[in-house]
Amino acid sequence: LLACRAFVQALAKTWLPSAATRWPTTGAGRSYMASPLCSVSASSERPKGKGIVEVQPRVTIHSVNEIDVKAQTFEMDLQVELQWKDLGWLERMEQPDWMAAAKELGWQEQMRKTCWHPGLVLRNCKEKRDDAEVWFRVDRKEEVHDAQDRRIYFIARVHAVFRTKYRLHKFPFDMQWLTVRMGSSFEFVRFVRQGVSNLAEKPDFLDRAAFILEEYRPPDYVCVEAKPADKAASSSAIRYQDLNIKVAVQRNHWYYLMNVFLIDFALVGSSLFVLLVPPAQFEDRMGLSLTLLLTAVAFKELVNTYLPQISYSTILDKYVLAGFIMQVLVVVQNAVAKVEAGEHDILAFSDTMGFPLLFAYLVGYHLYFLCEAWRATREDAEYWVRKAGERSFEGQDRKEAYRWHRVHDVPPLEKEEEEEDVDEQQQQQQQQQ
């Protein structure tokens with residue numbers, strides 16, 4: 001038994017990952033199930049100054065490459081910029097030993113090895129396409145009015161596949177939230193909105209020109225949400241800060257109107273004309289009804305390929321089911337008409353009353369679904385922006401909560417940047433000549 005126990009322990013040490021690998025911890029001692037944003041480890045040295053470090057985020061979304069509803073994932077290429085004050089670190093950068101090391105290794109490499117950063121982790125990352133690119137930037141003295149306002153910038157660009165839960169109750173008239181969930185590895189970090197320190201606010205940006213998905217409309221807003229995390233998510237019962245980046249995309253429903261709703265309407269509408277066949281020709285009448293019914297069943301299987309296996313019905317499912325019920329009622333009416341007519345070729349009472357009743361049912365449920373589609377399309381990004389603006393700061397610090405920015409097709413260039421571009425073009429023309 002002792003020999004078997006030693007053998008099993010040896011196998012466990014050799015083949016199974018250690019606890020540090022399965023439950024990675026940061027310099028702050030936080031255990032998490034998420035993956036780090038980048039491979040640059042954050043120094044555990046707390047920035048000098050106040051106990052709480054206020055970090056201002058800014059987001060640039062370069063592209064949204066894929067939205068997979070069935071797999072509940074989306075692929076996004078985004079850039080996160082974090083800025084904070086650390087006067088102690090700025091003084092350290094001016095020391096001769098640090099400057100000598102930066103000259104030998106390179107300024108960016110020296111910053112990656114020694115500078116503290118908030119240590120972001122990705123909570124809903126499924127797969128990273130590439131390793132994140134990381135670089136630092138520091139305000140120069142001539143860029144700010146007061147030397148006390150100089151800031152350190154941590155910039156990371158990540159391209160990954162993220163998990164999310166799509167709410168498909170209003171499919172195909174739905175609007176989906178693409179949410180990237182992040183969090184800091186230090187309990188003394190607080191994410192705040194830009195502009196709280198009397199600095200010029202830089203808006204979040206999304207490149208609408210790079211949005212090539214035909215099934216969805218380009219987003220109009222980017223939402224950055226900062227809120228305290230749940231204590232239960234921490235092994236030490238410490239409340240950390242979460243940073244969520246949200247983008248609302250509206251589905252283009254014209255494809256489903258032409259290829260699903262219109263086809264199903266033609267199948268259901270055709271079943272009404274079966275009542276024009278005399279009840280005496282029961283075989284032909286019932287054959288047509290059952291053929292249309294089986295076609296509707298096959299069509300329902302085709303509709304199921306657009307959606308994952310969910311436990312609730314969408315607007316599209318309810319529409320197809322309402323048409324299927326009508327076709328079943330037509331089959332039942334055919335049997336009743338045959339019993340009433342008997343062997344004689346007479347007009348049955350069920351045919352006289354069945355056609356207007358079934359037609360009223362057809363018109364009624366179409367009016368109902370038109371109202372449902374209109375209500376669903378009203379809840380666009382503008383609706384949620386107005387709703388968030390009314391109650392986003394209830395019970396929270398005004399430096400936290402939501403920040404909404406309307407995105408533009410092309411980011412606005414400042415006059416100085418435009419003059420620099422003109423000067424560069426003139427220099428290139430002179431060199432070519």
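**Figure 1. Strands β2 and β3 pair in the antiparallel sense in this predicted model.** Strand β2 covers residues 53-68 and is joined to β3, residues 73-84, over 11 bridges. At the turn end of the pair, Asp68 stands opposite Thr73 in β3. The two strands form a hairpin, with four residues between them. One of the turn residues, Gln72, has a positive phi of about 60°. Gln72 returns in Figure 5, where Thr164 is in contact with it.

**Figure 2. Strand β2 also pairs with β9 and β10, in the parallel sense in both cases.** Strand β9 is made of residues 189-191 and is linked to β2 by three bridges. Within this pairing, Val53 of β2 has Val189 as its bridge partner. Strand β10 is made of residues 205-206 and is linked to β2 by two bridges. Here the bridge partner of Ile61 is Leu206.

**Figure 3. Glu66 on strand β2 is partly exposed.** The relative accessible area of Glu66 is 38%. Buried would require a value under 20% and exposed a value over 50%, so Glu66 falls in the class between them. Beyond its neighbours within four places in sequence, Glu66 is in contact with Phe74, Glu75 and Leu213. Phe74 is also in contact with Thr164, shown in Figure 5. Met76 lies 10 residues from Glu66 along the chain, and the C-alpha atoms of these two residues are separated by 7.6 Å. As background for this view, side chains in a regular strand alternate between the two faces of the sheet.

**Figure 4. Strand β7 is mostly covered and pairs with β3, β5 and β6.** Strand β7 consists of residues 152-163, and 10 of its 12 residues are buried. Strand β3, the hairpin partner of β2, runs antiparallel to β7 and is joined to it by 12 bridges. In that pairing, Trp84 of β3 is matched with Ile152 of β7. Strand β5 (residues 125-128) pairs with β7 in the antiparallel sense over three bridges, and Glu127 has Val161 as its bridge partner. Strand β6 (residues 133-138) is likewise antiparallel to β7, with six bridges between them. One of the bridge pairs of β6 and β7 is Arg137 with Tyr153. Among the elements of the protein chain, β7 has the highest mean pLDDT, at 93.

**Figure 5. Thr164 is buried in the loop between β7 and β8.** Strand β8 covers residues 175-183. The relative accessible area of Thr164 is 17%, which is under the 20% limit, and therefore Thr164 counts as buried. Leaving aside neighbours within four places in sequence, the residues in contact with Thr164 are Gln72, Phe74 and Trp177. Of these, Gln72 belongs to the turn of the β2-β3 hairpin.

**Figure 6. A nonpolar surface patch includes Phe359 of helix α9.** The patch is made by Phe355, Phe359, Val363, Leu367 and Leu370, and its area is about 470 Å². Helix α9 runs over residues 349-378. Phe359 has a relative accessible area of 44%. Patch residues must have over 30% relative accessible area, so Phe359 passes that cut-off while being classed as partly exposed.

**Figure 7. The whole protein chain has 11 helices and 13 strands.** Of the 433 residues in the chain, 42% are buried. The chain exposes about 24800 Å², of which carbon and sulfur atoms supply 55%. Among contacts between residues at least 6 apart in sequence, 78% join residues at least 24 apart.

**Figure 8. Confidence varies along the predicted chain.** The average pLDDT of the protein chain is 78, and 74% of the residues score at least 70. Helix α2 (residues 19-22) has the lowest mean pLDDT among the elements, at 34. Over residues 16-33 the pLDDT stays under 50, and the model gives this stretch 26 contacts beyond four places in sequence. Residues 390-401 also have a pLDDT below 50, with 24 contacts in the model beyond near neighbours in sequence. Where pLDDT is low, the predicted coordinates should not be read in detail.

How values were computed
Residues numbered from 1 in each chain as written. Predicted model: local features only at pLDDT ≥ 70, side-chain atom pairs only at ≥ 80, totals over all residues. Heavy atoms only, no water. Pairing = 2+ DSSP bridges. Patch = residues over 30% accessible without salt bridge, like charges linked within 9 Å, V, L, I, M, F, W, Y side chains within 5 Å. Areas by Shrake-Rupley, 256 points an atom, 1.4 Å probe, with all protein chains shown as cover. Salt bridge = Lys/Arg side-chain N within 4 Å of Asp/Glu carboxyl O. Buried < 20%, exposed > 50% of the residue type's maximum accessible area, 1.4 Å probe, protein only. Contact = heavy atoms within 4.5 Å. pLDDT = per-residue confidence, 0-100.
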